[in-house]
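Dear colleague,

Please find below the structure that I am handing over to you. A summary of what was found in it follows, arranged by topic.

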Amino acid sequence: MALPATDNFNRANANPIGGNWTTVTGKGNIQIVSNVAIGTISGINAAYWNADAFSNNQYSQVKLGAVASTWFGPAVRFSSSAYTGYLAESSNGTSLVLYKVIAGTTTSLASYTVTVSAGDIIRLEVVGSTLTVKHNGTTRITHTNAEIASGSCGLWVNDSDAAKSLDDWEGGSFSIPVAMYHYQLMRNS
């Protein structure tokens with residue numbers, strides 16, 4: 001398939017989500033309920049897009065269907081063999097948080113206080129070792145971490161609460177040189 005990859009989840013209810021998605025090893029399924037993506041278990045639910053090969057420089061973004069609770073958002077460099085990747089989180093409608101997860105061990109890397117509402121777009125980018133979290137197109141977090149080098153784009157949800165729903169997902173690769181990305185990031189700051 002051609003990048004960017006997209007999924008609006010507008011189809012019949014399904015558990016697991018199916019199609020071009022694979023559940024992350026050892027985690028709960030993402031499911032479709034009433035045309036949005038939500039989790040199936042009380043715990044981490046995660047899936048990565050399996051139909052395309054992403055470059056190591058990639059992005060994942062989702063529209064928040066609801067923000068009544070915490071711990072859900074886009075992911076990049078998800079491993080196909082372990083719960084490993086970078087995650088962005090909408091936290092209680094009051095902040096954004098960037099995490100790394102390596103073999104199931106989660107570490108908070110950075111956070112930013114901002115009001116987050118239903119319908120907002122949360123985007124996570126990784127170019128080289130630079131991670132960027134954007135909220136409705138505005139850069140909110142920039143952080144450097146080189147521990148996870150490759151993987152696929154995806155999404156994640158903590159819990160099976162319908163108040164943690166995601167919609168209109170997109171994932172893609174960057175083809176620009178890393179130096180040019182950093183230059184553009186500095187100009188847009």
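**Findings in the predicted model**

In this predicted model, Tyr-48 stands opposite Gly-154, a residue of strand β14. The strands concerned are β5, which covers residues 44-49, and β14, which covers residues 152-158. They pair in the antiparallel sense, over five bridges. In general, the strands of a sheet pair through backbone hydrogen bonds, in either a parallel or an antiparallel manner.

The pair β5 and β14 belongs to an open sheet of seven strands, in the order β2-β5-β14-β7-β8-β9-β10. The pairing in this sheet is antiparallel. Its edge strands are β2 (21-23) and β10 (105-113), each of which pairs on one side only. From one strand to the next, the twist averages 25 degrees.

**Asp-7 and its surroundings**

I would next draw your attention to Asp-7, which is placed in strand β1 (residues 5-7). Is Asp-7 buried or exposed? Its relative accessible area is 7%, and it therefore counts as buried, the cut-off for that class being under 20%.

The side chain of Asp-7 takes part in polar contacts with two other side chains. One is with Arg-11, at 2.7 Å, and another is with Trp-21, at 2.8 Å. Leaving aside residues up to four places away in sequence, Asp-7 touches Trp-21, Trp-49, Asp-168 and Trp-169.

Three of these neighbours of Asp-7, namely Trp-21, Trp-49 and Trp-169, reappear in an aromatic cluster. Ring pairs link them with Phe-9 in that cluster.

**Other aromatic rings**

How many aromatic pairs are there in the model? The count comes to six. One of them is formed by Phe-78 and Tyr-83, whose ring centres lie 6.4 Å apart. The planes of these two rings are at 45 degrees, so the pair is classed as tilted; planes under 30 degrees apart would count as stacked and those over 60 as edge-to-face. Both partners are buried: Phe-78 has a relative accessibility of 1%, and Tyr-83 has a relative accessible area of 6%.

A ring also meets a charge in this model. The charged end of Arg-123 sits over the ring of Tyr-59, at 3.8 Å from the centre of that ring.

**Backbone features**

Some points concern the backbone. Asn-15 and Pro-16 are joined by a cis peptide bond, with omega at about 0 degrees. Pro-16 is found in the loop between β1 and β2. This loop therefore follows the strand that holds Asp-7 and leads to β2, one of the edge strands of the sheet.

Ala-103 has a positive phi, of about 50 degrees, although it is not a glycine. Where does Ala-103 lie? It is in the loop between β9 (95-102) and β10. With a relative accessible area of 62%, Ala-103 is exposed.

Asp-168, which was named above among the residues that Asp-7 touches, likewise has a positive phi, near 45 degrees, and is a residue other than glycine. Asp-168 lies in strand β15, which spans residues 166-173. Its relative accessible area is 31%, so it is classed as partly exposed.

With kind regards

Terms used. Residues numbered from 1 in each chain as written. Predicted model: local features only at pLDDT ≥ 70, side-chain atom pairs only at ≥ 80, totals over all residues. Heavy atoms only, no water. Pairing = 2+ DSSP bridges. Helix = DSSP H or I, 4+ residues; strand = E, 2+ residues; numbered from the N terminus. Axes fitted to C-alpha atoms, helices over the stretch in contact; angles between N-to-C directions. Buried < 20%, exposed > 50% of the residue type's maximum accessible area, 1.4 Å probe, protein only. Polar contact = N/O pair within 3.5 Å; in protein donor to acceptor, adjacent residues only side chain to side chain. Contact = heavy atoms within 4.5 Å. Phe/Tyr/Trp six-rings, centres within 6.5 Å; stacked < 30°, edge-to-face > 60°. Lys NZ or Arg CZ within 6 Å of the ring centre and 35° of its normal.
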